[in-house]
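Please walk me through this structure, taking the salt bridges, the backbone and the helix packing in turn.

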Amino acid sequence: MALDLRGLNPAPVTPFTTDGDIDFAAIQRLGSWLGSIDGVKSLVVLGHAGEGTFLTVDEQLDVIRAFVDSTEGRVPVIAGITGEGNKVAALEAERAKAAGASAGLVYPSHGWLRFGYQQGAPQSRYREIWETSGLPSILFQYPDNTKATYDLDTQLEIAGQEGVFATKNGVRNMRRWYTEIPALRAAYPELQILSCHDEYLLPTMFDVDGLLVGYGNIAPEALIELIEAGKAQDYPRAHAIHERLLPVTKNVYHRGSHMEGTVALKWGLVHRGILDHATVRTPLLPLPDGADAEIAAAFASAGLEKVGVTV
């Protein structure tokens, strides 16, 4: 596949106006900033951080187009493919490709989170998406504590399918990580392996080609340094970056629910001067009083200051 994601792949938030509509001016600021940073390889929209499943079909396509426009072709835009059922997801991928997406991050069918999946079903999902849309796919490995996490044989079979060129791994079980990542590497040396362990990146940094993380919204400069340290197997440097970012990590991701991280990401972007406010869509709710000040203090301690964006 032509797409090279060996670096940082931020998963941008979807900015909203205070009235709850998509804020296209803010998308332009966010996308143009992220797309201008050396080391950013793609923008992955419509994921968890992007509240993709909270948008209408038309809004999803508008978001893809807006981020494509914001980068002016500097980096590809990848779309989260989240629809339930193979046909629905395949048509979603077809629409995303027509709107300008260069690839799809394929989420598991969400019924599997509760009930699990039949053997062979995930493979059929990726196959039908490719056959219908021709959109290259990223294999998305969900956390070990869900029933939508794929066993190693399933991952290997998906990774061997036409159109699958990378995997975003968020298994959050280091016993599995240290077993399954080498197996994927051995079977498919060209498969690009990306970590999405936002809340504890350090343990995975030395085994991957890059990151695909919501964290990339708020600290792209530091995460690019972290990737470089990991590829150089420079643990002291990587650990120092991790420690510098730890107050930010705690305030954004070490919360009661991982979903709260999306709200905290928006407050982080307010601190960095990209967003004017942290409006989200329900069922997401505002953070408790004082959280914005705590996040701002954490960013200041990590040296993450406002950026100048000209659009």
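Is arginine 172 buried, partly exposed or exposed, and what is its relative accessible area? In this predicted model, arginine 172 has a relative accessible area of 24% and is therefore partly exposed, because buried would require a value under 20% and exposed a value over 50%. Its salt-bridge partner is glutamate 199, with the closest N and O atoms 2.8 Å apart. The two residues are 27 apart along the chain, glutamate 199 lying in the loop between strands E7 and E8 and arginine 172 in the loop between strand E6 and helix H7. Glutamate 199, at 14% relative accessibility, counts as buried.

The loop between E7 and E8 also holds aspartate 209, which pairs with arginine 185 of helix H7, so that parts 24 residues apart in sequence are tied together. The closest N and O atoms of this salt bridge are 3.0 Å apart. Here aspartate 209 is buried at 13% relative accessibility, while arginine 185 is partly exposed at 26%.

A further salt bridge, with an N to O distance of 3.5 Å, joins the side chains of glutamate 225 and arginine 244. Glutamate 225 belongs to helix H8 and arginine 244 to helix H9, and 19 residues separate them. Glutamate 225 is partly exposed at 31%, and arginine 244 is likewise partly exposed at 32%. Elsewhere, Asp4, Arg6 and Lys41 are joined into one network by salt bridges that share partners. The count of salt bridges comes to 14.

The backbone deserves attention next. Most residues other than glycine have a negative phi, and most peptide bonds are trans. Leucine 46, in the loop between strand E2 and helix H2, has a positive phi of about 65 degrees, and with a relative accessible area of 4% this leucine is buried. Glutamate 72, in the loop between H2 and strand E3, also has a positive phi, near 50 degrees, but glutamate 72 is exposed at 65% relative accessibility. A cis peptide bond, with omega about 15 degrees, joins threonine 282 to proline 283.

Proline 283 is found in the loop between helices H10 and H11, and these two helices pack with their axes 9 Å apart at an angle of about 60 degrees. H10 and H11 are therefore oblique to each other, and their crossing is right-handed. Ala264, Trp267, Gly268 and His271 of H10 meet Asp292, Ile295, Ala296, Phe299 and Ala300 of H11. The residues of this contact divide into six nonpolar, two polar and one charged.

Notes
Residues are numbered from 1 along each chain as its sequence is written. This is a predicted model: local features need pLDDT of at least 70, side-chain atom pairs count only at pLDDT 80 or more; totals for chains, interfaces and linings use all residues. Side-chain values use heavy atoms; hydrogens and water are left out. Helices (H or I, at least four residues) and strands (E, at least two) are DSSP runs, numbered from the N terminus. Buried means under 20% relative accessible area, exposed over 50%, partly exposed in between (1.4 Å probe, protein chains only). Axes are lines fitted to C-alpha atoms, for helices over the stretch in contact, and angles run from 0 to 180 degrees between N-to-C directions. Angles under 35 degrees count as roughly parallel, over 145 as roughly antiparallel, 65 to 115 as roughly perpendicular and the rest as oblique. A crossing is left-handed if the near helix is turned anticlockwise from the far one by less than a right angle, and right-handed if clockwise. Contact means heavy atoms within 4.5 Å. Ala, Val, Leu, Ile, Met, Phe, Trp, Tyr, Cys and Pro count as nonpolar, Asp, Glu, Lys and Arg as charged, and the others, Gly among them, as polar. A salt bridge is a side-chain nitrogen of Lys or Arg within 4 Å of a carboxyl oxygen of Asp or Glu.
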